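Trainee: Could you take me through one part of this model in detail? I'd like to follow a single helix and the neighbours it packs against.

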Amino acid sequence: MPSDPVQALAQEPVDHRFKGLPPDAGQAGLTVGELTAQRRSLYTGGFTTPVLTLDADALSHNLAALGTYAERHGLAFAPHGKTCMAPQLFRRQLDHGAWGITAAVPHQARVYRAFGIQRIFLANELVDAAALRWVAAELAADPAFRFVCYVDSVRGVQLMDRALQGQPQRIDVVVELGAGEGARTGARTDEDCRAVADAVAGTDTLRLVGIAGYEAEVPGADPDSVHAYLRRLTALAAEFDKAGRFEGVGEIVVSAGGSAWFDAVADVFAELPELSRPVLKLLRSGAYVSHDHGWYTRLTPFNRVPEEGGLRPAFRLWAQVVSRPSPTQAYLNAGKRDIAYDLGLPEAELVRDPLTGAERPATGIRVLKLSDQHAWLETDSAEDVQVGDWVALGMSHPCTIFEKWPLIPVVEADGTVTEYVRTFF
């Protein structure tokens, strides 16, 4: 068995757990690695519908685009792993220069550690005693492991301190500055942040290493308000440093940046004055890895700075027309169990004739709504689709696309499947 846990994923059997994959592969007892080696065609290799795919070229392009952007702007990069929860993609992100991987909850951090991630930034508060003791044990067992998480309340600090009594390793924390009233987590005022920092200083279990926040939560976010919030964040970091709150740390962590405003983060972090020790300017965008066909296509900062690059939608869900009860109605065999819909309904992109392989734009075809296992289509004419046709759907929100598919084929332009990405949700 390979000692590399990512490589070991190739030894998993192709079985009933993985929808859309060729049934004959399971019947033959093939492993994922053996199926990969066959380089089957998505269209003629026995795959069943619905099946989610990742475009190999788009995936490679996106991984390079954010790695290059972060390097160009002097940013460290810890892409948010909650988006894909895919160790193979984590490996590729690290290969493109990522500092580490961001998590949101302890379970995600446990997955990361199982696959050898050495730097984890938990962009959330952590007050669960059992999870805190697990983190402390990981730190004690592996001196090379780096872990940082949020704190935003004195009560939270007290709970952490109580859970960690007797542990040999301090846990590094950053004070989260909230993005305003009505936003999500985070201390709401600078004075609240100072009180949390004071509480951390009063423990022997925690170490304050920086300031962080999430600019997309600014109410009514626009360029002016997002820049203003980020300048509050950097000003607080400078104030804390001047006050000696980071004494004894090797570097100061200043972190922000989702997938909608990383250009603003780059702008403001570039303005950060020199502090008493090196600064880790940490960007955390995650949705870029696959991008999407709607929500992030509209929100990506590359729309504002196209000269800096761009992202490509990598997902495509292929479903099949199983019913055509009238000239204006058709039904696909994919629904809420397969399709992300929290940020809008999918859009029909292509129609593929299963007999000839001919593809055409999905003109005149609209998704009206979703049932558990059906997509309801409205069509302009009886000729738009026929029973048996494959329809490619584009979707919004990578986080809720990935989570529905435990093993995802990666497909080249000619339909050859070259890899299978395993997810762990």
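Mentor: Happy to; here is a close look at helix α10 and its surroundings. This is a predicted model, in which local features need pLDDT of at least 70 and side-chain atom pairs count only at pLDDT 80 or more, while totals for chains, interfaces and linings use all residues. Residues are numbered from 1 along each chain as its sequence is written, and side-chain values use heavy atoms, with hydrogens and water left out.

Let's start with the helix itself. Helix α10 covers residues 223–242; helices here are DSSP runs of H or I with at least four residues, strands are runs of E with at least two, and both are numbered from the N terminus. The expected span of a helix is 1.5 Å times one less than its number of residues. For the 20 residues of α10 that gives 28 Å, and the end C-alpha atoms are 28 Å apart, so the two agree. After α10 comes Gly244, with a positive phi near 80°.

Next, what is hidden? Buried means under 20% relative accessible area, exposed means over 50%, and partly exposed lies in between, using a 1.4 Å probe and protein chains only. In α10 the buried residues are Val226, His227, Tyr229, Leu230, Leu233, Thr234, Leu236, Ala237, Phe240 and Asp241. They pack against strands β6 (171–176), β7 (206–212) and β8 (252–256), and against helices α9 and α11 (262–270). Contact means heavy atoms within 4.5 Å.

Now for the two helix neighbours. Two packed helices are described by the angle between their axes and the distance between the axes. Axes are lines fitted to C-alpha atoms, for helices over the stretch in contact, and angles run from 0 to 180 degrees between N-to-C directions.

Helix α9 (residues 190–201) packs on α10 at about 40°, with the axes 12 Å apart. The pair is therefore oblique; angles under 35 degrees count as roughly parallel, over 145 as roughly antiparallel, 65 to 115 as roughly perpendicular and the rest as oblique. The crossing of α9 and α10 is right-handed, that is, the near helix is turned clockwise from the far one by less than a right angle, whereas anticlockwise would be left-handed. From α9 the contact uses Asp190, Cys193, Arg194 and Ala197, and from α10 it uses Arg232, Leu236, Glu239 and Phe240. By class, these are four nonpolar, no polar and four charged residues. Ala, Val, Leu, Ile, Met, Phe, Trp, Tyr, Cys and Pro count as nonpolar, Asp, Glu, Lys and Arg as charged, and the others, Gly among them, as polar.

Turning to α11, its angle with α10 is about 40° and the axes lie 9 Å apart. That makes this pair oblique, and the crossing is right-handed. On the α10 side, Val226, His227, Leu230, Arg231, Leu233 and Thr234 meet Ala264, Val265, Asp267, Val268 and Phe269 of α11. The contact of α10 with α11 has seven nonpolar, two polar and two charged residues.

Helix α11 is itself mostly covered, with seven of its nine residues buried: Phe262, Asp263, Ala264, Val265, Ala266, Val268 and Phe269. Their cover includes α10, along with α4 (56–72), β8 and β9 (279–283). Strand β8 thus turns up twice, packing against buried residues of α10 and helping to cover those of α11.
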